[in-house]
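This report concerns interfaces and internal cavities. The sequence and the structure are shown first.

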Protein chains: 2
Amino acid sequence: MTAFLDRCRAIVGAARMPDNVLDAPAAMAPYLRDWRGRFTGSARAVLRPGSVDEVAQLVRLCAQERVPIVPQGGNTGLVLGSVPDASGDAVVLSVARLNRIRALDPVNRTVTVDAGAILQHVQEAAAAAGCLFPLSLAAEGSCTIGGNLATNAGGTGVLRYGNTRELCLGLEVVTPQGEIWSGLRGLRKDNTGYDLRDLYIGAEGTLGIITGAVMKLYPAPRASITALAALASPDHALRLLSLMQDRAGASLTGFELMSAFCLGLVAKHFPQLPRPFAATYPYYALLEISSSESEAHAVALLEGATSAAFDAGIVLDAAVAASVAQSRALWQLREHIPLAQAADGKNIKHDISLPVSSIARFIAHTEPLLQQAFPGFQLVCFGHLGDGNLHFNVAPPPGIGNEAFLANQAAVNRVVHDAVDAFGGSISAEHGIGALKRDELARYKSPVELNLMRAIKAALDPLGIMNPGKIL
Amino acid sequence: MTAFLDRCRAIVGAARMPDNVLDAPAAMAPYLRDWRGRFTGSARAVLRPGSVDEVAQLVRLCAQERVPIVPQGGNTGLVLGSVPDASGDAVVLSVARLNRIRALDPVNRTVTVDAGAILQHVQEAAAAAGCLFPLSLAAEGSCTIGGNLATNAGGTGVLRYGNTRELCLGLEVVTPQGEIWSGLRGLRKDNTGYDLRDLYIGAEGTLGIITGAVMKLYPAPRASITALAALASPDHALRLLSLMQDRAGASLTGFELMSAFCLGLVAKHFPQLPRPFAATYPYYALLEISSSESEAHAVALLEGATSAAFDAGIVLDAAVAASVAQSRALWQLREHIPLAQAADGKNIKHDISLPVSSIARFIAHTEPLLQQAFPGFQLVCFGHLGDGNLHFNVAPPPGIGNEAFLANQAAVNRVVHDAVDAFGGSISAEHGIGALKRDELARYKSPVELNLMRAIKAALDPLGIMNPGKIL
């Protein structure tokens with residue numbers, strides 16, 4: 001072990017920077033604990049290489065010694081994908097020191113970044129060049145582009161701009177053999193062989209270590225304006241979505257669904273936030289229109305569409321923001337749902353997606369099943385309706401203890417995931433599989449698909465050293 | 001051989017449909033000849049299964065007998081990807097009879113199709129439901145969705161809607177072992193393991209046979225309006241592109257570059273088409289703005305942007321269409337370039353892409369190199385500038401015979417592809433590799449990338465029966 005760590009230190013220049021091969025428990029702790037604080041793994045050491053070449057050298061050494069490698073970015077994942085298991089066999093390879101914005105090309109509308117670049121820094125670099133990098137999610141101040149790519153992160157920009165996968169043009173990857181694949185192409189069209197890029201994206205570090213990427217930029221819209229619509233049901237939300245898409249096309253940049261229970265939680269825990277309606281309605285949709293022309297254009301488009309929806313009997317009431325500032329206030333209602341949930345107690349979370357057209361039927365089917373099986377449990381239903389992505393969470397009835405409530409987790413998961421499967425949905429829309437959902441994956445994927453994945457894993461990582469125990 | 005064909009006939013029901021296992025030379029001929037008529041291969045037979053299950057049975061039989069399979073859709077490819085080699089060992093497996101639109105979901109905005117569905121039929125089915133299927137290319141009346149997916153086809157809609165890859169949500173594939181992978185998911189977000197979908201897309205039938213797909217639909221724009229802008233240089237075209245993207249965002253749905261030589265060819269061979277300008281300018285850009293609001297909105301947006309470009313000295317002159325009908329007439333100038341080229345004689349074609357920001361420098365670098373090496377040869381430079389995709393073709397000087405001209409093909413390719421490589425571009429933007437560019441691929445890809453591709457090929461098709469000799 002000591003000899004191995006000495007060789008690691010020789011690679012990452014420990015003489016100058018002794019903190020780049022960490023093996024003291026206190027120093028390793030933040031790298032071993034998962035983001036939600038529910039699991040802490042064990043490792044031989046945490047390696048913090050300072051260059052792509054050092055990553056490659058470390059991987060070659062690990063391959064030689066058969067040491068498993070857990071790649072890690074900001075360690076903000078929700079499915080135990082970036083922490084090692086309890087065995088203590090693995091090393092954590094953190095890309096945190098690879099954090100440069102390598103280049104930004106405003107005419108090609110691309111930014112080339114190290115994998116360890118913090119998402120917010122990439123957003124800021126784009127904004128400074130008059131561009132938009134549209135990937136945006138709650139952890140953006142801590143998460144890294146490498147982690148976003150490894151998990152194909154979603155977030156609030158997906159409706160218009162797609163997932164992280166759709167924002168990536170090229171990758172640089174260190175293979176499990178310690179070779180460097182330089183695929184940092186900034187091309188919108190390239191049909192020269194197999195799509196290796198998309199194979200590494202979403203593979204959660206099990207096929208290699210992403211060390212750099214070319215990401216797409218977009219022109220920044222002139223203004224984004226939101227409205228809150230009150231709705232009788234999820235079915236009305238779907239009709240509103242269709243109407244908005246027909247009238248606004250790509251200018252519709254957000255469409256979020258929230259149940260009355262969700263906004264009730266927000267009102268309870270954050271009473272200072274606005275309450276746009278005097279009455280309570282079963283469901284709400286938060287709509288966002290962005291215009292490349294002007295704020296006035298965005299407001300007019302949104303007002304016209306919500307009026308038409310009101311006239312058609314699709315919405316019961318609507319509050320349209322009159323400015324960008326008012327729009328931010330409406331977004332806060334949506335953004336505070338997870339915070340209000342956390343303030344209210346433990347939750348059993350599901351990150352699911354469905355065909356958009358099935359969502360109303362899915363909710364109508366699944367909510368009664370849950371109520372029947374778990375009397376008094378509360379459904380906390382909200383999410384990115386335009387993407388078919390629901391955070392279909394379950395909260396305890398008043399008075400039940402956390403432990404007694406969480407004892408139902410597997411049974412609640414089974415009801416929800418079986419329903420998701422029956423409706424042709426996905427048990428992981430934007431969080432990935434990691435170690436947490438590995439058994440669920442094996443349960444719901446076909447043997448043909450699992451065997452194809454295993455064949456690819458065996459072909460690219462025959463020693464099985466890359467993030468073992470994750471996904472497969 | 002006879003026993004093998006008898007077993008094929010037993011699978012595809014030859015008793016009723018004797019024309020579904022073709023082995024007569026005349027019957028096979030259209031399946032063996034490539035689209036441009038430059039090569040004719042040989043095959044044991046052409047198999048025309050009528051169901052996915054028949055495809056799977058045929059593949060199992062071929063795997064057992066080690067018979068190579070060349071999957072074929074509309075056979076409109078330009079790189080010899082869908083025709084067999086001259087050995088006569090292979091069978092052609094045509095998916096032409098799998099041509100149903102299986103389902104269309106206007107709320108989920110998806111259409112589920114058989115691989116053999118003709119692209120134009122899919123467009124028409126979408127239009128009948130009030131939606132847009134934005135994939136559009138010259139061969140759309142003959143090519144199939146399966147072929148579009150296998151080659152990740154591009155076309156004129158890429159700037160706004162992406163390549164075929166970006167339009168696909170789910171696939172059904174028959175593996176080289178004759179198993180059926182049912183991945184027909186209609187989900188915008190799904191992070192459950194490796195991205196098999198994108199691995200099959202663009203693999204040109206070398207990893208399996210695509211038999212079905214779920215494709216994205218979009219709201220149909222209310223109107224699309226075009227303008228023709230006269231420009232001093234490709235650099236001015238890039239400045240115009242940036243300006244248009246900033247002002248129009250996703251409403252910019254087309255940006256095509258054409259040199260004076262291109263429009264001169266069109267004027268020569270199609271004198272009935274409009275000539276928007278009295279003078280001749282070095283370059284032209286065709287711009288298209290689409291609006292989900294109204295024709296008037298599209299016209300106003302386009303007029304505002306072209307005026308601003310004129311005031312900024314970026315364009316020398318501009319003609320904005322006043323209606324959808326005038327817009328179609330301007331598009332015809334662009335669409336007639338390949339026809340005018342063909343009418344004028346043989347061409348040496350290049351389907352290349354570059355970082356958008358490098359295009360002006362690439363042309364300025366490469367055009368003199370060609371003129372120096374091949375005095376009198378004419379550059380026919382046009383393409384999808386917004387995608388970084390140029391059709392950078394070379395026409396003969398007057399008076400030279402076809403044979404003498406085409407003798408320079410390899411040398412001309414070398415000059416162009418070396419320059420593409422030096423500028424970080426791709427030697428195949430939207431046509432693929434097939435058998436035609438296999439040697440070029442091996443020349444320009446890194447050994448690391450080639451080895452990764454070979455590892456994937458060996459893992460998924462260990463017998464090497466799927467479309468051998470293509471790509472790798």
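The text below covers the domains of one chain, the interface between two chains, and the cavities. The model is predicted.

**Domains of chain A**

Chain A is divided into four parts: domain 1 spans 2-94, domain 2 spans 101-219, domain 3 spans 223-338 and domain 4 spans 345-431. Between the C-alpha centres of domain 1 of chain A and domain 4 of chain A the distance is 35 Å. Their contact involves 4 residues from domain 1 of chain A and 5 residues from domain 4 of chain A.

Together, domain 1 and domain 4 of chain A bury about 360 Å², with 49% of this area coming from carbon and sulfur atoms. On the domain 1 side, the residues losing the most area to domain 4 of chain A are A:Arg36, A:Arg38 and A:Leu78, which together account for 81% of what that side buries. By residue class, the side of domain 1 of chain A that touches domain 4 of chain A consists of 2 nonpolar and 2 charged residues, with no polar ones. No salt bridges are counted between these two domains of chain A. Residue pairs in polar contact across the interface of domain 1 and domain 4 of chain A likewise number 0, where both residues must have pLDDT 80 or more.

**The interface between chain A and chain B**

In the contact between the chains, 82 residues of chain A meet 82 residues of chain B. Of the area that chain A buries against chain B, 16% is supplied by A:Lys189, A:Asn191 and A:Tyr194, more than by any other three residues. A:Lys189 also takes part in a salt bridge with B:Asp387, in which the side chains meet at 3.4 Å, N to O.

The table sets out the values for the two interfaces.

| Interface | Buried area | Carbon and sulfur share | Salt bridges | Residue pairs in polar contact (both at pLDDT 80 or more) |
|---|---|---|---|---|
| Domain 1 of chain A and domain 4 of chain A | about 360 Å² | 49% | 0 salt bridges | 0 residue pairs |
| Chain A and chain B | about 6,600 Å² | 54% | 10 salt bridges | 47 residue pairs |

**Cavities**

How many cavities of 30 Å³ or more does the structure hold? There are 5 of them. The second largest cavity has a volume of about 400 Å³. Its lining comprises 33 residues, and the closest to the centre of this cavity are A:Ala248, A:Ala250, A:Ser251, B:Ala250 and B:Ser251. Residues of chain A and of chain B are thus both found among those closest to the centre of the second largest cavity.

Definitions and conventions
Residues numbered from 1 in each chain as written. Chains lettered and ligands numbered in written order. Predicted model: local features only at pLDDT ≥ 70, side-chain atom pairs only at ≥ 80, totals over all residues. Heavy atoms only, no water. Domains from an automatic or database assignment. Contact = heavy atoms within 4.5 Å. Buried area = accessible area lost by both parts, 1.4 Å probe. Salt bridge = Lys/Arg side-chain N within 4 Å of Asp/Glu carboxyl O. Polar contact = N/O pair within 3.5 Å; in protein donor to acceptor, adjacent residues only side chain to side chain. Nonpolar A, V, L, I, M, F, W, Y, C, P; charged D, E, K, R; others polar. 1 Å grid on protein atoms, 1.4 Å probe; cavity = no way out; pocket = protein on both sides within 12 Å on 5 of 7 lines; lining within 4 Å. Points joined across faces, edges and corners; volume = space filled by probe spheres on them.
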